[in-house]
Amino acid sequence: MGSIHIEAKVGDIAETILLPGDPLRAKYVAENLLEDAVCYNHVRNMFGYTGYYNGKRVSIQGSGMGMGSTAIYVNELIETYKVKNVIRVGTCGAIQERLNVGQVILAMSASGDSGANMAYFNGFQYAATADFDLLYQAYETAKRLKINTIQGSIFSTDTFYDDNPNRWDKWERHGILGVEMETQILFTIAKRLGAKALSVLTVSDNIKTGASASSKEREQSYMDMMKIALELA
Ligand code: HPA
C-alpha cells in the first residue's frame, strides 16, 4: 500500500530524498548520476527513483511547482515512507544585484507568503529554517568539491506573476537572496513531522538585472547543486 499520491511500497524510498520541482529532472539525475535506479512512482507522472550514489542509497522525485504541490509530497514522504532527510534541489530568481546566474545558494531560512503557513499558525509568522546538520554538511561538502556557495535567506511565494515592479525592494533590503516557490512549506512540514530539511538552489535568473542563464550555464550549475545534495545521502 502506498500513499494517496505515491504508489511506492513502504521501504522503496531511501531515508534521504532529493526533491526537484520537475519530475523529468528527477529522471535525468536518476539515469545519469545514480546506479541501479528504479522508478517507484508514476502517479501523475511525478516520477520518483531510488538508486545508489557512491554506494549510498538515495531517492529523488519531483515535487511539482509551488507550496501546495510540495506540501503533499513532503507530507506523504515523511509520514508514510518515513523519509528522514528531505533536500530540495531547485532554482530561484535572485533579488540581489551581486548574484550571478549559476550561483549556488544554501538556504538558511525561508520567509514567504504561503497562505497554508499563515492559516496553520493562526496568522502568526513561523520562522522556517533549514536543519543545521544538513546545512553544515552541505557547506563542508561544497568546500570539499570546490563549489562556491552563498548561505542566506530566501523567500518562497505562491505567486510567480505579479504586476508590482517594486515587489521585492523591501526583501532585498532585508538581505533576501532569491525567490522561489517551495522551500518555506518544506522547512515547516519537515520540522513538524520530525524530519530534517534543506534547500539547495541555483540562481536561474536575476530579477534585478534581468540576467538569465544560458542552457549551458544552467546545466553546469544544476550539476553542482545535485552533487552537493547527493553527497548528503
Ligand atoms: N519567482 C519565483 N520562483 C522562481 C523565480 C521567480 O522569479 N525564478 C525561479 N524560480
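**Figure 1. Residue A110 stands opposite A128 in strand β7.** The model shown in this and the following views is predicted. Strand β7 comprises residues 128-129, and its pairing with β6 is antiparallel, with two bridges between the strands. On β6, which spans residues 104-112, parallel pairing is also found: eight bridges connect this strand to β8, residues 149-156. Within that parallel pairing, I105 of the one strand faces I150 of β8. A further partner of β6 is strand β10 (residues 196-206), joined to β6 in the antiparallel sense by three bridges. Here L106 is placed opposite V200 in β10.

**Figure 2. Strand β3 pairs in the antiparallel sense with β2 and with β4.** Strand β3 covers residues 48-53, and five of its six residues are buried, which leaves the strand mostly covered. Four bridges connect β3 to β2, the latter formed by residues 35-41. In this pairing, V38 lies opposite T50 in β3. The two strands make a hairpin in which six residues separate them, and the turn includes R44, whose phi is positive at about 60°. Towards β4 (residues 56-61), β3 contributes to six bridges. G48 is found opposite Q61 in β4. A hairpin is formed by this pair as well, with two residues between the strands; N54, located in the turn, has a positive phi of about 50°.

**Figure 3. The ligand and the residues that surround it.** The surrounding residues are T91, C92, G93, F160, V179, E180, M181, S204, D205 and I207. A polar backbone atom of G93 lies 3.2 Å from a nitrogen atom of the ligand. From D205, a polar side-chain atom is placed 3.4 Å from a nitrogen atom of the ligand. Considered alone, the ligand exposes 260 Å², of which the protein buries 85%.

**Figure 4. A salt bridge between K27 and E31 in helix α1.** The closest N and O atoms of the two residues are 3.3 Å apart. Helix α1 is formed by residues 23-33; because K27 and E31 are four residues apart in this helix, about one helical turn separates them. K27 is classed as partly exposed because its relative accessibility is 30%. E31, with a relative accessible area of 52%, is exposed. Over the whole structure, a search finds eleven salt bridges.

**Figure 5. A salt bridge between the side chains of R144 and E231.** The N to O distance in this pair is 3.3 Å. Distant parts of the chain are linked by the pair, since R144 belongs to helix α4 and E231 to the segment after α7 (215-230), with 87 residues from one to the other. R144 is exposed, its relative accessible area being 53%. For E231 the corresponding value is 23%, so this residue is partly exposed.

**Figure 6. A salt bridge between the side chains of K208 and D169.** In this pair the distance from N to O is 3.0 Å. Distant parts of the chain are again linked: K208 lies in the loop between β10 and α7, whereas D169 is part of helix α5 (residues 169-173), and the two are 39 residues apart. K208 counts as partly exposed because its relative accessibility is 33%. D169 is likewise partly exposed, at 26% relative accessibility. Elsewhere, R88, E180 and E182 are joined into one network by salt bridges that share partners.

**Figure 7. A nonpolar surface patch made by F132, Y136 and Y139.** The area of this patch is about 340 Å². One of its members, Y139, is located in helix α4, which is formed by residues 132-144. The relative accessibility of Y139 is 31%, so this residue counts as partly exposed. Patch membership requires over 30% relative accessible area.

Technical notes. Residues are numbered from 1 along each chain as its sequence is written. This is a predicted model: local features need pLDDT of at least 70, side-chain atom pairs count only at pLDDT 80 or more; totals for chains, interfaces and linings use all residues. Side-chain values use heavy atoms; hydrogens and water are left out. Patches are made of residues with over 30% relative accessible area and no salt bridge: like charges are joined within 9 Å, nonpolar side chains (Val, Leu, Ile, Met, Phe, Trp, Tyr) within 5 Å. Accessible areas come from the Shrake-Rupley method with a 1.4 Å probe; for residues, only the protein chains shown count as cover. A salt bridge is a side-chain nitrogen of Lys or Arg within 4 Å of a carboxyl oxygen of Asp or Glu. Buried means under 20% relative accessible area, exposed over 50%, partly exposed in between (1.4 Å probe, protein chains only). A residue is near a molecule or strand if one of its heavy atoms lies within 4 Å of it. A polar contact is a pair of N or O atoms within 3.5 Å; within protein, one must be able to donate a hydrogen and the other to accept it, and residues adjacent in sequence count only if both atoms are side-chain atoms. Two strands pair if DSSP finds at least two bridges between them.
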